[in-house]
Amino acid sequence: MSRIFRRVQVAGLALVGAASVLGLGLTGCFGSSSSTNGGHDAGSGGFEGGTLDGGAGDSAPADASPGDASDGGMGASEGGGGPAAPAPGTCVPTGSMSTGRTFSLYASLPGGKVLVAGGDTAAASTTAEVYDPTTGTFAPTGSLSTGRWGYPNPLVALPNGHLLVAGGTDLSCSTPVSSAETFDPTTGTWATTGALGVARFNPVTVALGDGRVLVRGGYGTLSGTCGTVTSNALTSAELYDPAAGTFAPAGDAATPRAAAAAALLPGGDALIVAGEQYGNSPFNATAEVFGTGADGGTGFVWSGALPGTAGYGYAFVLPDGKALVNSAYAGGTTSYFDPSTDTFSTAPADPISGGGGCGIQLKSGDVFLATGWSAGQPTALTEVFQATSATWVATGSLSTARSVCSIAELPDGNVLVAGGYDTTGKPLATAEVCNPQPSTTPGG
């Protein structure tokens with residue numbers, strides 16, 4: 001496991017330590033570009049986690065306290081008016097979370113709210129809260145049964161609108177876990193589900209087009225210090241059947257892999273990119289495709305070399321069906337992956353590489369990256385990849401430099417960016433709302 005995954009203890013960000021390479025899903029934060037229906041719904045690609053579009057209707061949470069107003073199963077946020085609308089290319093502060101969080105679980109919810117759960121809060125947190133964009137505030141919701149943190153974002157949407165998280169570890173990185181649980185947005189509660197066959201920390205977790213969830217690789221044994229793992233990642237994979245609530249073996253891949261980016265391809269297969277192989281030396285310099293039937297059966301159907309330097313990377317599927325891929329967290333080569341030929345071609349260079357940052361694919365098909373990585377610390381830079389013109393455009397700066405944050409598109413097209421580490425390695429509770437459109441001001 002790379003140093004980006006170690007618990008940050010001092011200024012200078014042990015988070016990355018010697019790593020001068022990130023891009024996710026930390027892309028530091030980049031996670032996987034997952035869709036709930038096999039298409040190209042907006043999702044956190046490469047950086048972290050997918051969004052939940054649609055789903056069950058709103059209802060009061062089963063655990064709502066007397067006197068708590070409830071909406072959408074989350075409990076109403078206090079306050080009113082909401083945050084000021086940011087101008088194009090700008091970010092404005094919004095309400096803060098109850099605690100600083102990084103390496104959190106997060107996803108969009110029906111009605112436009114955003115779930116942020118678990119993560120590093122100076123402990124492996126079980127708490128969860130929901131952001132309400134109409135009030136610009138967070139409110140508590142049901143707690144996880146187990147404190148969880150990980151990277152990239154391990155939350156994925158199931159066909160019934162629930163969210164799944166599987167595996168993880170405590171902050172000491174001493175013992176991976178096999179347990180799994182689901183979040184019901186209509187009640188605001190978590191429920192345990194079938195366990196993984198193998199305990200895994202930082203596996204690739206991605207929803208497939210047939211409704212199942214692939215959980216691939218990760219670390220089954222953690223040795224060394226938290227942040228410098230001295231054991232190989234796993235090659236094995238499992239599939240979660242949401243109807244049965246159980247995991248089953250899905251065969252082995254060609255190479256060990258953990259903390260990798262993933263994206264759901266147009267045919268329902270999963271593209272998996274880069275990540276760790278043996279701690280952060282070496283990284284996995286390949287990409288692979290897990291097929292669900294169209295390519296000749298369920299299993300790993302293709303593997304090939306990545307162009308450029310390997311690292312954490314990100315992957316977002318563009319409206320034309322190709323994936324925008326960056327294979328390293330600082331610098332690295334930006335490429336297109338064509339699933340019809342399983343080949344890479346050159347894409348426009350990413351100016352900030354999103355290292356240690358957060359990324360999301362917008363409903364428009366564009367890709368928004370918030371923060372980069374420079375001289376061992378996060379920056380406040382943001383940028384957007386405009387899919388129609390295949391162009392990267394700078395979009396201003398965050399109000400606070402942060403890394404490994406939570407990110408989600410809001411109903412009005414603006415983007416919530418919450419938590420993450422500050423430049424001293426402290427988990428942030430603050431959040432902000434960014435307008436991902438380029439500034440209309442000359443020179444802005």
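What is the volume of the largest cavity? In this predicted model, the largest cavity has a volume of about 70 Å³. Thirteen residues line the largest cavity, and those closest to its centre are Trp149, Gly150, Pro154, Asn202 and Pro203. Sorted by class, the lining of this cavity comprises eight nonpolar, four polar and one charged residues.

The disulfides offer a second way into the structure. A search of the whole structure finds two of them. One joins cysteine 91 to cysteine 434, with an S to S distance of 2.1 Å. Cysteine 91 belongs to strand E2 (residues 91–94) and cysteine 434 to strand E33 (residues 431–434), so this pair ties together parts that are 343 residues apart in sequence. The torsion about the S-S bond of cysteine 91 and cysteine 434 is about 105°, and the disulfide is therefore right-handed. Both cysteine 91 and cysteine 434 are buried.

Another disulfide joins cysteine 358 to cysteine 405, with an S to S distance of 1.8 Å. This pair links distant parts of the chain: cysteine 358 is in strand E25 (residues 358–361), whereas cysteine 405 is in the loop between strand E30 (391–397) and strand E31 (406–409), 47 residues apart. Here the torsion about the S-S bond of cysteine 358 and cysteine 405 is about 125°, so the disulfide is right-handed. Cysteine 358 and cysteine 405 are both buried.

Cysteine 358 also leads to the neighbouring strands by way of its pairing. It stands opposite alanine 370 in E26, and strands E25 and E26 pair in the antiparallel sense over four bridges. The hairpin of E25 and E26 has five residues between the strands, and in this hairpin glycine 365 takes a positive phi near 100°. Strand E26 is also joined by four bridges to strand E29 (residues 381–386), and these two strands run antiparallel. In this second pairing, phenylalanine 368 stands opposite valine 384 in E29. Both faces of strand E26 (residues 367–370) are covered: Val367 and Leu369 lie on one side, Phe368 and Ala370 lie on the other, and all are buried.

A final point concerns a loop. Glycine 111 is found in the loop between strand E3 (105–108) and strand E4 (114–117). With a relative accessible area of 74%, glycine 111 is exposed, because the term applies to values over 50%. The C-alpha atoms of glycine 111 and proline 411 are separated by 8.0 Å, although these residues are 300 residues apart along the chain.

Technical notes: Residues are numbered from 1 along each chain as its sequence is written. This is a predicted model: local features need pLDDT of at least 70, side-chain atom pairs count only at pLDDT 80 or more; totals for chains, interfaces and linings use all residues. Side-chain values use heavy atoms; hydrogens and water are left out. A disulfide is a pair of cysteine sulfur atoms within 2.5 Å. Buried means under 20% relative accessible area, exposed over 50%, partly exposed in between (1.4 Å probe, protein chains only). On a 1 Å grid over the protein atoms alone, a cavity is a set of points where a 1.4 Å probe fits but cannot get out, and a pocket is an open set with protein on both sides within 12 Å along at least five of seven lines; lining residues have an atom within 4 Å of a point. Grid points are joined across faces, edges and corners, and a volume is the space filled by probe spheres set on the points. Ala, Val, Leu, Ile, Met, Phe, Trp, Tyr, Cys and Pro count as nonpolar, Asp, Glu, Lys and Arg as charged, and the others, Gly among them, as polar. Two strands pair if DSSP finds at least two bridges between them.
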